[in-house]
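Subject: A structure for you to look at

Hello,

Here is the structure I promised to pass on. Please open it alongside this email, and then read on for what was found in it.

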Amino acid sequence: MNRSTWLLLRLLQVIPTFLLIGVAVFVLARLLPGDIVSSMLGERASDAAINRMTHQLGLDRSIGAQMLSFLESVARGRLGDSLAFHVPVLKLIGDRLPVTLLLSGMATLIAVAVAVPMAFVAALTANRWPDLLIRSVFQVGLSSPVFYVGLVLLTVFAGWLRWFPVGGYGDTAGEHLYHLFLPALTLALSFAAVVMRSLRASILQVLTAEYVDFARAKGLRGRVVLFRHVLRNALIATVTLVGLQIGSLLGGAVITESVFAVPGVGRLMVDSIFARDYPVIQALTLVLAVLVSLALLVSDVVQMWLDPRVGR
Amino acid sequence: MRRISVPLWLGLGILALLLLCAAAPQLLWPTDPLAFDFAALTAAPSWAHPFGTDQFGRDMLARTIAASSVDLQIALFSVVFPLMIGTLIGLAVGWYGGWLDAVFGRLVDLVVTFPFLVLVIAIVAVLGPGLVNMYIAVACVGWVAYARLIRGEVMVQRNSDYVAAARVLGYSTARIVFRHILPNALRPVLVYSVTDMALCILLGSSLGYLGLGAQPPTAEWGVLIADGKNFFTTAPWITLFPGVAIVLAGLGFSLAGDGLADLLEVKR
């Protein structure tokens, strides 16, 4: 199999995945116990109102018919209107998604910038004090819930020192970066811990690989071996890992945005739960799952580009 | 058998302390967590109130200790149900293989594309906030990881000599799977479940903080932090100490999980 065939097959895989995501979101919304209509309308709704809403949502049709029409409207990009805001759900999400993507992107950059050098120091000093110190610090980071880290950073850097705004998003690009810095740092901490931990393990593994011994035996200087051979292979592992972690990053963004009042899709999701805005919750679940599967695709393609063994 | 390592001792020590807090809160700090002390509203930490008091003058040390039983319950229940469901499904998939395994493979691919927290939140949104619904949501999503682990183990064990011997002896499938394979396949799963408890404590307290998990007035660390978040600049101790408790619990479970994995030589 050559590389373009591999790439094509990988791209085609997206289609059944999207279809399955659609089915799963449908099942989630319709088949779980709990009556969506009465929880949307409240307990004191009249029977007429309940019947009208049931009909409006198409809940009086068979499950199969409902699923097909759901998948069809998703494919046409029609995800309904928000019950709370009375605007198309996609517009609501479209307005807020860039904020969440910027936040997640900044968090990824910070996490990688911190984790990669730390993983190197830790691996090269394995089981001596710098390694133990780095691992302990990151272990604490891994055990700290995102909302708590956010509150602590907020208290210290926004509340007491007043270096950063307490929340919000600002109006210009510069303000966006400034407002999102603390939230991104919050989100980056546990992400950096995951990256550091697995990168350290993969560097240790690479360091004992035969081709590294061979490179050393050829008389290459330590630094050349480290950067050409070890770093390259370790980065491949990092790219895969970052791709796999996008899901938990987005999950973390839901909490971070709530703590810092960032107007992204995460906060929209939590707000929608309390507003019983089911079309928005359903659409967001769908959009976020599609995003993760696209991130997995991108990480596979980048991995193919970095690692000549993939797709051969 | 290797020696018990320092991190494992540390993890087990933290867990023992938490169990003590949950089992005998009065023994550690006899103040009533619900008693209002109007002489000390939002009082800073002192000898009388080492963790300070909240806006109603409730002792934060007593409240933090009282919450430990709820958070330990979260760790336990968020792991036990996915563990049981996942084990049964993993045994079936691993033993029978074939189309069952193909379907399972697709299901795993699908679950991986949903952000765990987003999926749990979406399910809680449909069922309504609360601890029981949170357990249901976590079980709906979490069983996959356990089933995957068990499936892998069963696939290895299935072809081993002792299973062939049991077959020759004419034992029933149920007897072979539950009496012979399961005990051998369970070790990595149990080790993973300890690490998973750390994640579940973080998840449970996060949902509590957002108002989707334990509901006030239940004392749960995330709920305590949500209660105090409006005072975070003026009375940071209300949020600080329950947070330290979460970090400690998370550390305890993950150190114990990692330590057990090393001790029992389980691959992760």
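How many residue pairs are in polar contact across the interface of domain 1 of chain A and domain 2 of chain A? The rule finds one such pair, with both residues at pLDDT 80 or more. Please keep in mind as you read that this is a predicted model.

**The two domains of chain A**

On the domain 1 side of this interface, the elements that each supply at least two residues are α1 (3-12), α2 (14-31), α3 (36-41) and α5 (63-75) of chain A. The top contributor is α2(A), which gives nine residues to the side that touches domain 2.

As for the bounds, domain 1 of chain A covers 3-75 and domain 2 covers 94-306. Their contact takes 19 residues from domain 1 and 15 residues from domain 2. Taken over C-alpha atoms, the centres of the two domains are separated by 32 Å. Between them the domains bury about 1,500 Å², and 75% of that lies on carbon and sulfur atoms.

One salt bridge is also found across this domain interface. If you would like a pair of side chains to zoom in on, try A:D300 and A:R10, which meet in a salt bridge at 2.5 Å, N to O. In the whole structure, a search over all chains finds nine salt bridges. The pair A:D300 and A:R10 links distant parts of the chain, with A:D300 in helix α13 (residues 278-306) of chain A and A:R10 in helix α1 of chain A, 290 residues apart.

**Where chain B meets chain A**

Next, have a look at the interface between the chains. Chain B brings 40 residues to the contact and chain A brings 42 residues. The two chains bury about 3,600 Å² between them, with 80% of it on carbon and sulfur atoms. In chain B, the residues that lose the most area to chain A are B:T113, B:V126 and B:F232, together 16% of what that side buries.

The count of salt bridges between chain B and chain A is one. The side chains of B:D258 and A:R197 meet in a salt bridge, at 2.7 Å from N to O. Four residue pairs are in polar contact across the interface of chain B and chain A, both residues of each at pLDDT 80 or more. On the chain B side, two or more residues come from each of α4 (98-113), α5 (116-127), α8 (173-210), α9 (221-228) and α10 (237-263). Of these, α10(B) gives the most, with eleven residues.

**A bent helix**

Where does α9(A) bend? The bend is at A:F181 and comes to about 45°, with a proline, A:P183, following within four residues. Helix α9 (residues 173-207) of chain A spans only 42 Å between its end C-alpha atoms, whereas a straight helix of 35 residues would span 51 Å.

**Two spots in the backbone**

Most residues other than glycine have a negative phi, and most peptide bonds are trans. Against that background, two places are worth a visit. The phi of A:N127 is near 65°, a positive value in a residue other than glycine. You will find A:N127 in the loop between α6 (89-124) and α7 (129-142) of chain A. In chain B, a cis peptide bond joins B:P216 and B:P217, with omega about 10°. B:P217 sits in the loop between α8 and α9 of chain B.

Enjoy exploring, and do write back with any questions.

Best wishes

Notes. Residues are numbered from 1 along each chain as its sequence is written. Chains are lettered from A and ligands numbered from 1 in the order in which they are written. This is a predicted model: local features need pLDDT of at least 70, side-chain atom pairs count only at pLDDT 80 or more; totals for chains, interfaces and linings use all residues. Side-chain values use heavy atoms; hydrogens and water are left out. The expected span of a helix is 1.5 Å times one less than its number of residues. The bend at a residue is the angle between axes fitted to the seven residues ending there and the seven starting there. Domain bounds come from an automatic or database domain assignment. Contact means heavy atoms within 4.5 Å. Buried area is the accessible area (1.4 Å probe) that two parts lose on being put together, summed over both. A salt bridge is a side-chain nitrogen of Lys or Arg within 4 Å of a carboxyl oxygen of Asp or Glu. A polar contact is a pair of N or O atoms within 3.5 Å; within protein, one must be able to donate a hydrogen and the other to accept it, and residues adjacent in sequence count only if both atoms are side-chain atoms.
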